[in-house]
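Colleague: I would like to go through this model and hear the reason behind each label you use.
Modeller: Ask, and I will set each value against its criterion.

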Amino acid sequence: MTTGLDIRNVTKYYGEGDNRIAALDNVSITVNPGEFVAVVGPSGSGKSTFLSIAGALLKASEGDVRINGKEISKLSDRDLSAIRLEEVGFIMQSSNLVPYLDVLDQLLIVKRMSGKVKAADKAAAVKLLEELGLGAKLKSFPEELSGGEKQRTAIARSLINDPNVILADEPTASLDTKRAHEVVRLIAQEVKTRRKAAVMVTHDERMLEYCDKVYRMEDGKLTLSREASRAHVTV
Ligand SMILES: Nc1ncnc2c1ncn2[C@@H]1O[C@H](COP(=O)(O)OP(=O)(O)OP(=O)(O)O)[C@@H](O)[C@H]1O
Ligand SMILES: [Mg+2]
C-alpha cells in the first residue's frame, strides 16, 4: 500500500458567486515516508488551507487527496474521523493544550478518543514524553510549562497514535531561537527514525535546514522552491 501523502490537482474555493476566491489553485505534492517538507509563503497564500485539506479537516473543492493510499473523498464520516485521529498528527501554531489536563493526560485523552486506555498505552505515553525531555513534567499543567515544553507536549500528543503523516503549522512561532531549533530537530528526528511523511509550514528561514525539500505557496499555487542539501545537518 502507498503510504504518506499524495495530493493531486487540489483546488479549494471559499465563498460563492462574486465572493468566491480560490485559496488553493491546482496544488499537487507527494510526501513520502521519511520525507520532511517545508512550505513557505506570504500570509494569506493558502498554507493553512493546504494543511487542513492534507489532514482531512477540510474538503477540497476539486482534486484528490490520498492519506496512506486512501482517497479521502470516498470515505464515510466515521472513517474520516478515524484517519484524522490515527493516521495524521497535527502540530499547531499555539500548542492548543487542554488547560485542565496534566502533560500525561494530554496524550492519554487522545488514546481515550480512539478506544480504551490500557496500561501499555500509559507506558507508551510516558516513554514518548521521556524521549521528548518531559519525563519530569508528567504531572504539570500547561500553565506551569515553558513555551518550548508546551510545544514538545503538543508534538508528543501528535505522535502518540503513531500516525504516518505529520502536519505542522508554524510550530516554532511562539519559541525563542534555541527552543525553535530543538522543536524542529525533534520533528526531523521522528520523521527519519519512524519514517513519517511530514509537512511543516514556517516563516522561519533557519528551520529550512532540517527539511528535505522546500515548497513555496503563492496565491494558492504550490511550487518546489529547492531540494535542500542536508549534508551539513545532523539530527
Ligand atoms: N474559512 C474561510 N472562509 C473564507 N476565506 C478563508 C477561510 N479561511 C481562509 N480564507 C482565505 O483563504 C486565503 C488563504 O488563507 P490561509 O489561512 O490558508 O492562508 P495562510 O497562508 O495560512 O496565511 P498565514 O500565513 O497568515 O497563516 C486567505 O485569503 C484567507 O482570507
Ligand atoms: Mg496560516
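Colleague: Which element gives the largest share of the shell around ligand 1?
Modeller: Helix α1 does, with three residues. Bear in mind that this is a predicted model.

Colleague: Which residues are around ligand 1?
Modeller: They are Y14, I21, A23, P42, S43, G44, S45, G46, K47, S48, T49 and H203. A residue is listed because one of its heavy atoms lies within 4 Å of the ligand.

Colleague: What makes the link between S43 and ligand 1 a polar contact?
Modeller: The criterion is a pair of N or O atoms within 3.5 Å. A side-chain N or O atom of S43 is 2.6 Å from an oxygen atom of ligand 1, so the pair meets the cut-off.

Colleague: How do you know that S45 and S48 qualify?
Modeller: By the same limit of 3.5 Å. For S45, a backbone N or O atom lies 3.2 Å from an oxygen atom of the ligand. For S48, a polar side-chain atom lies 2.9 Å from a ligand oxygen. Both pairs therefore count. As for cover, the protein takes up 55% of the 630 Å² of accessible area that ligand 1 has on its own. Two elements, β2 and α1, give two or more residues to the shell.

Colleague: How do the residues of the shell divide into nonpolar, polar and charged?
Modeller: Four are nonpolar, seven polar and one charged. Gly counts as polar in this scheme.

Colleague: Why are β1 and β2 called paired strands?
Modeller: Pairing needs at least two bridges. Strand β1 (residues 5-14) has seven bridges to β2, and the two run antiparallel, so they pass the criterion. Within this pair, D6 stands opposite T30, and the bridge partner of K12 is L24. The two strands form a hairpin with six residues between them, and in the turn G15 has a positive phi of about 75°.

Colleague: What makes β2 and β5 edge strands?
Modeller: The open sheet of four strands has the order β2-β1-β4-β5, with antiparallel pairing. β2 (21-31) and β5 (70-71) each have a single partner strand, so one side of each is left without a neighbour in the sheet.

Colleague: Which strands stand at the edges of the sheet of six strands?
Modeller: That open sheet runs β6-β7-β8-β3-β9-β10, with mixed pairing. Its edges are β6 (88-91) and β10, because each has a single partner strand and one side without a neighbour in the sheet. From one strand to the next, the twist averages 20°.

Colleague: How do you know that β7 pairs with β8, and β9 with β10?
Modeller: At least two bridges are needed. β7 (residues 165-169) and β8 (residues 197-201) have five, in the parallel sense, and β9 (residues 213-218) and β10 (residues 221-227) have six, in the antiparallel sense; both pairs therefore qualify. In the parallel pair, D169 has V201 of β8 as its bridge partner. In the antiparallel pair, M217 stands opposite L222. The hairpin of β9 and β10 has two residues between the strands, and D219 takes a positive phi near 50° there.

Colleague: Which strands does α1 lie across or touch?
Modeller: Helix α1 (residues 47-54) lies across β1, β2 and β4 (62-67), running at about 125° to β1. In the other sheet, α1 touches β3 (36-40), β6, β7, β8, β9 and β10, and its direction makes about 155° with that of β7.

Key. Residues are numbered from 1 along each chain as its sequence is written. Chains are lettered from A and ligands numbered from 1 in the order in which they are written. This is a predicted model: local features need pLDDT of at least 70, side-chain atom pairs count only at pLDDT 80 or more; totals for chains, interfaces and linings use all residues. Side-chain values use heavy atoms; hydrogens and water are left out. Contact means heavy atoms within 4.5 Å. Axes are lines fitted to C-alpha atoms, for helices over the stretch in contact, and angles run from 0 to 180 degrees between N-to-C directions. A polar contact is a pair of N or O atoms within 3.5 Å; within protein, one must be able to donate a hydrogen and the other to accept it, and residues adjacent in sequence count only if both atoms are side-chain atoms. Accessible areas come from the Shrake-Rupley method with a 1.4 Å probe; for residues, only the protein chains shown count as cover.
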